[in-house]
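Me: I have a structure open and would like to learn how to read it. Can we go through a few features in turn?

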2 protein chains.
Amino acid sequence: MPPRRPTAQDVAKLAGASRSAVSMVMNGTADGNVAPETQERIRRAAAALDYTPHPIAAGLRRQRSEMIGLVTDEAASSPFAGRMLSGASQAASDRGYLTVIADAGGPGEDTSHYIEELRRRRVDGLILATTSLRTLRAPEGLRLLPSVLANCHDEPLSLDAIMPDEYRGGREATEHLVSLGHRRITWIGGGDDVDARPLRIRGFQQALSAAGLPPGEVVPAGWDINDGFTAALPLFSAGPDRRPDAVFCANDRVAAGALLAARTAGLAVPGDVSIMGYDDQRHLAEATVPGLTTMALPHEEIGRVAANRVVDRIEGGGPSVPAGAAPQAVLLQCRLVVRGTTGPRLPGA
Amino acid sequence: MPPRRPTAQDVAKLAGASRSAVSMVMNGTADGNVAPETQERIRRAAAALDYTPHPIAAGLRRQRSEMIGLVTDEAASSPFAGRMLSGASQAASDRGYLTVIADAGGPGEDTSHYIEELRRRRVDGLILATTSLRTLRAPEGLRLLPSVLANCHDEPLSLDAIMPDEYRGGREATEHLVSLGHRRITWIGGGDDVDARPLRIRGFQQALSAAGLPPGEVVPAGWDINDGFTAALPLFSAGPDRRPDAVFCANDRVAAGALLAARTAGLAVPGDVSIMGYDDQRHLAEATVPGLTTMALPHEEIGRVAANRVVDRIEGGGPSVPAGAAPQAVLLQCRLVVRGTTGPRLPGA
DNA sequence: TTGAAAGCGCTAACAT
DNA sequence: ATGTTAGCGCTTTCAA
């Protein structure tokens with residue numbers, strides 16, 4: 001049974017001061033209101049009793065819970081959700097907020113029920129985070145308290161949205177390949193179901209064009225290892241003068257399949273062909289032979305930035321978007337992670 | 001700005017009843033204390049005002065927060081953490097509890113700081129969850145309120161621990177291979193750094209022995225794709241009469257490497273050799289060609305069971321372990337997921 | 001500079 | 001069967 005915890009009253013008694021003095025000392029509002037030596041006695045008494053203020057009582061008084069809610073669509077099935085959660089909870093904790101979570105359990109699931117539940121619990125702010133980048137209609141409940149969208153946005157933009165800069169990621173990944181001397185670069189994979197794909201492809205074509213190269217070929221396929229394998233095998237089986245120098249894969253799983261296809265076709269990676277992934281999926285990208293070069297999605301940072309922004313809003317005191325200020329989409333940079341699947345083409349190849 | 005929410009007082013006034021009657025109606029303790037028609041009026045008034053009780057105020061009065069804390073060691077870098085979080089938060093929510101999270105950020109990190117922080121915030125109970133199965137020294141703070149360990153345990157057992165039954169998983173996976181007619185089965189992978197490995201291997205040997213087969217060969221290696229590849233290649237390159245019928249891999253990444261090695265060695269899977277994984281790592285096991293047969297770790301269920309047990313303890317009112325009752329280790333079954341990498345050996349092979 | 005007092009919104013014991 | 005009252009532990013205003 002939890003032993004009874006000391007209250008501010010106990011501390012006041014031990015220090016020979018008043019309850020309010022204790023409160024001020026604990027909240028840092030004592031200077032100029034409480035004599036320094038009284039402050040010191042209070043601090044000592046608090047330490048002696050191992051006193052910490054009761055946040056629920058304080059919250060009741062202040063009408064704040066010092067909690068932010070994090071609603072996810074499918075934390076369970078994503079290898080990325082953990083990074084966002086951990087980034088957000090870290091940042092929230094650094095600013096004195098607790099993070100409470102609610103997971104809808106699936107990508108299509110309605111999150112508004114969870115949002116209402118968290119509102120009922122009086123969270124001070126909300127983050128709605130999706131596992132893969134998407135456009136959605138923001139549930140009305142979000143508008144009733146400070147909130148931001150993470151890895152998703154609504155159209156037209158009515159709430160702050162924190163997202164990866166997929167366009168720039170696509171561009172910089174391609175620039176990496178071009179800088180290695182590759183000229184014939186083919187895009188592989190990805191269906192039309194994910195918002196990120198067209199952005200990455202636009203960046204891809206943009207980089208090629210900026211380098212004075214013709215548009216790259218785009219081979220559609222799914223998002224899984226076998227899709228990458230199936231799509232890449234015929235490309236790699238073509239003659240040396242007809243096959244690509246490099247492939248830019250829609251994600252790391254597709255890249256893993258392409259890697260497998262290269263091996264099957266008897267091509268050396270990166271000697272004969274370079275392979276670029278996307279996502280930096282943990283326990284996959286670093287676990288292939290050789291490790292995948294890839295663009296890392298900044299999930300942890302997305303969580304961090306989203307939490308900080310919500311807290312800013314809470315402490316700024318306004319609703320999600322301050323009256324007069326337009327909601328903002330914040331694009332965070334993806335990070336190039338160079339491992340073993342990209343390199344210059346070998347002369348002999 | 002959040003519009004001012006109605007209070008029990010407002011509802012009482014509108015319904016022409018007393019505050020306490022409202023309280024009882026909202027808490028389901030009204031029957032026998034409040035006249036049925038008054039109850040009905042109160043319910044209607046509450047609905048009209050869109051009233052929901054203020055959980056912080058209730059918590060202050062009841063000395064309960066209706067929150068459980070979930071402390072993880074490295075949610076960010078594990079593909080499995082999400083499943084535990086989502087199982088736990090789902091179960092907690094079903095029982096009226098909010099889940100608050102704190103992530104230590106790394107496998108070696110000290111969690112006691114986070115446990116103290118959550119205790120300070122007056123969570124009613126705690127779950128300490130690790131990303132991979134391990135033995136640890138339970139931080140003292142856990143003993144001060146209802147708590148359980150998830151995916152880990154202490155030695156000697158002083159707290160309830162919810163874990164996968166790795167021994168049985170190893171046994172049943174092996175039984176699957178044996179039932180397909182395989183006789184020469186080799187274990188591949190896994191270092192001594194993970195508690196799960198010896199258990200899985202014990203199950204493996206136990207199943208072989210129960211089938212009247214000699215002990216299986218154990219080839220140590222790491223836990224990643226390249227480790228599996230490196231370890232499997234020489235095995236698969238041996239002559240048909242010297243190579244294994246099947247390999248049981250320490251985890252799915254090792255199995256993915258073994259699959260690649262089989263392809264490199266020119267072996268058909270499962271025609272020439274069957275490959276068994278472990279973990280059911282999302283976006284890997286189902287994404288290889290063919291999909292990996294594997295034992296799924298019951299992470300979601302671990303989260304669910306852990307949360308339910310904590311809530312049981314909270315509502316039972318005792319400390320982590322009721323006086324007199326021994327702490328309990330609960331082993332949850334792993335689930336065999338048959339995909340494409342296991343099957344009978346083809347006659348011609 | 002200090003301390004007393006009034007709640008925050010709710011629940012539970014008590015009086016009617 | 002109903003309403004009244006006394007806090008839960010804290011913050012903050014106001015009077016001394």
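Me: Of the atoms of DNA strand C within 4 Å of the protein, what percentage belong to sugar or phosphate?

Reply: A word on the source first: this is a predicted model. To read such a contact, sort the DNA atoms by the part they belong to. Here 57% of the atoms of DNA strand C within 4 Å of the protein belong to sugar or phosphate, and the rest belong to bases.

Me: Which residues are closest to DNA strand C?

Reply: Start with the list of surrounding residues, then pick out the closest. DNA strand C is surrounded by 24 residues, and the closest are A:A35, B:A8, B:S23, B:Y51 and B:R61. Sorted by class, the residues of this surface are eight nonpolar, eleven polar and five charged.

Me: Which helices supply at least two residues each of the surface near DNA strand C?

Reply: Look for elements that come up repeatedly. In chain A these are α2 (19-27) and α4 (55-62), and in chain B they are α2 (19-27) and α4 (55-62).

Me: What do single atom pairs add for DNA strand C, for instance at A:S18, A:Q63 and B:R19?

Reply: Ask two things of each pair: which part of the DNA, and which part of the residue. A polar backbone atom of A:S18 is 3.5 Å from a phosphate oxygen of DNA strand C. With A:Q63, an N or O atom of the side chain is 3.1 Å from a phosphate oxygen of the strand. B:R19 reaches a base instead: a polar atom of its side chain lies 3.0 Å from a base nitrogen of DNA strand C.

Me: Which residues come nearest to DNA strand D?

Reply: Use the same procedure. Of the 24 residues around DNA strand D, the nearest are A:A8, A:Y51, A:R61, B:S20 and B:A35. Sugar or phosphate accounts for 55% of the atoms of DNA strand D within 4 Å of the protein, and bases for the rest. Among the atom pairs, the side chain of A:Y51 has an N or O atom 2.7 Å from a phosphate oxygen of DNA strand D. Two side chains point to bases: a polar atom of A:R19 lies 3.1 Å from a base nitrogen, and one of B:S20 lies 2.8 Å from a base oxygen.

Me: Away from the DNA, is B:T99 buried or exposed?

Reply: Compare its relative accessible area with the cut-off for buried, under 20%. B:T99 is buried, because its relative accessible area is 2%. The residue sits in strand β2 (residues 98-103) of chain B. Its contacts include A:T99, A:V100 and A:I101 from chain A, and B:I68 and B:L70 from chain B.

Me: In what order do the strands of the open sheet in chain B run?

Reply: Read a sheet from one edge to the other. Four strands of chain B form an open sheet in the order β7-β6-β8-β9, with parallel pairing. β7 (217-219) and β9 (274-276) stand at the edges with a single partner strand each, so one side of each has no neighbour in the sheet. Neighbouring strands are turned by 20° against each other on average, direction ignored.

Me: Which helices pack on this sheet or lie across its strands?

Reply: Check which strands each helix meets, and at what angle. Helix α9 (residues 225-237) of chain B packs on the sheet and touches β6 (185-188), β7 and β8, its direction making about 160° with that of β6(B). Helix α10 (residues 252-264) of chain B lies across β6, β8 and β9, at about 165° to β9(B).

Methods
Residues numbered from 1 in each chain as written. Chains lettered and ligands numbered in written order. Predicted model: local features only at pLDDT ≥ 70, side-chain atom pairs only at ≥ 80, totals over all residues. Heavy atoms only, no water. Near = heavy atom within 4 Å. Polar contact = N/O pair within 3.5 Å; in protein donor to acceptor, adjacent residues only side chain to side chain. Nonpolar A, V, L, I, M, F, W, Y, C, P; charged D, E, K, R; others polar. Buried < 20%, exposed > 50% of the residue type's maximum accessible area, 1.4 Å probe, protein only. Contact = heavy atoms within 4.5 Å. Pairing = 2+ DSSP bridges. Axes fitted to C-alpha atoms, helices over the stretch in contact; angles between N-to-C directions. Lists of a residue's contacts leave out its neighbours within four places in sequence.
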